[in-house]
Amino acid sequence: DSTSIMSTRRLEIIKSLFIENKTVTLKKLSENYLVSQTSVKSDIEAIEEILDDGCGAFLKKGNSGTKLDNISLERKINLCRFTALSLR
């Protein structure tokens, strides 16, 4: 079903950003998942909304793509824990 596919895609994007420390691009993600760049942009916006901990932005967006901003290890761990709870 499309909702579970979207959830899986978002989890994989979170994994790329938080665990693998990758810079992701709309183009590359849309090619990998065979969806539009608009869908990927919506995924990233949803990730930001779901994980908003009130401590400011945690993703840095630029010409080279989107990556995890320089945040403390403690905050990174808390965001990962929150991800696990939010997606249950």
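Here is a walk through the structure, from its overall layout to a few residues worth a look. Keep in mind that this is a predicted model.

Let's start with the big picture. The chain has 4 helices and 2 strands, and if you read along the sequence they come in the order α-α-α-β-β-α. How does the overall size compare with that of a compact globule? For 88 residues, such a globule would have a radius of gyration near 12 Å, and the chain comes out at 12 Å, so the two agree. Along the principal axes, the C-alpha atoms fill a box of roughly 35 × 35 × 20 Å. Buried residues account for 30% of the 88 residues. As for how the chain folds back on itself, take the contacts between residues at least 6 apart in sequence: 49% of these join residues at least 24 apart.

Now for the two strands. Strand β1 covers residues 59–62 and strand β2 covers residues 65–68; they run antiparallel, with 4 bridges between them. The turn from β1 to β2 is a hairpin, made through 2 residues. If you'd like one pair to find on screen, look for Lys60, whose bridge partner in β2 is Lys67.

Next, the inside. The largest nonpolar core is made of 15 residues, and Phe18, Ile44 and Phe58 have the most contacts within it. Two elements, α1 (2–19) and α3, each give two or more residues to this core. Of the elements, α1 gives the most, with 4 residues.

Ile44 is a good place to stop for a moment. Once you set aside its neighbours within four places in sequence, Ile44 touches Ile13, Val24, Leu26, Leu29, Leu59, Lys61 and Thr66. One of those contacts, Leu26, can be followed a bit further. Leu26 sits in helix α2, which spans residues 26–33. Is Leu26 buried, partly exposed or exposed? It is partly exposed, because its relative accessible area is 30%, and the buried class takes in only values under 20%. Besides Ile44, Leu26 is in contact with Gln37, Val40 and Lys41, again leaving aside neighbours within four places in sequence. Leu26 and Lys61 are 35 residues apart in sequence, while their C-alpha atoms are 11 Å apart in space.

Right beside Ile44 in the numbering comes Asp43, a charged residue in helix α3 (residues 37–50). Where does its side chain go, to the inside or the outside? Asp43 is buried, with a relative accessible area of 1%. Not counting residues up to four places away in sequence, Asp43 touches Met6, Arg9, Arg10 and Ile13.

Two of those contacts are salt bridges. In the one with Arg9, the closest N and O atoms are 2.5 Å apart. Asp43 is in helix α3 and Arg9 in helix α1, so this pair ties together parts that lie 34 residues apart in sequence. Both Asp43 and Arg9 are buried. The other salt bridge is with Arg10, where the closest N and O atoms are 2.9 Å apart. This pair, too, links distant parts of the chain, with Asp43 in helix α3 and Arg10 in helix α1, 33 residues apart. Arg10 has a relative accessibility of 19%, so it counts as buried, given that the cut-off is under 20%.

Across the whole structure there are 7 salt bridges. Another one joins the side chains of Lys61 and Glu48, at 3.0 Å from N to O. Here the link runs from strand β1, home of Lys61, to helix α3, home of Glu48, 13 residues apart. Glu48 is partly exposed, with a relative accessible area of 22%. Going back to the earlier trio, salt bridges with shared partners join Arg9, Arg10 and Asp43 into one network.

Last, a look at helix α4, which covers residues 73–86 and includes Asn78. Asn78 counts as partly exposed, at 38% relative accessibility. Asn78 and Thr3 are 75 residues apart in sequence, and their C-alpha atoms are 25 Å apart in space.

Notes
Residues numbered from 1 in each chain as written. Predicted model: local features only at pLDDT ≥ 70, side-chain atom pairs only at ≥ 80, totals over all residues. Heavy atoms only, no water. Buried < 20%, exposed > 50% of the residue type's maximum accessible area, 1.4 Å probe, protein only. Contact = heavy atoms within 4.5 Å. Core = buried A, V, L, I, M, F, W, Y, C linked by side-chain atoms within 4.5 Å. Pairing = 2+ DSSP bridges. Salt bridge = Lys/Arg side-chain N within 4 Å of Asp/Glu carboxyl O. Rg over C-alpha atoms; globule rule 2.2 N^0.38 Å.
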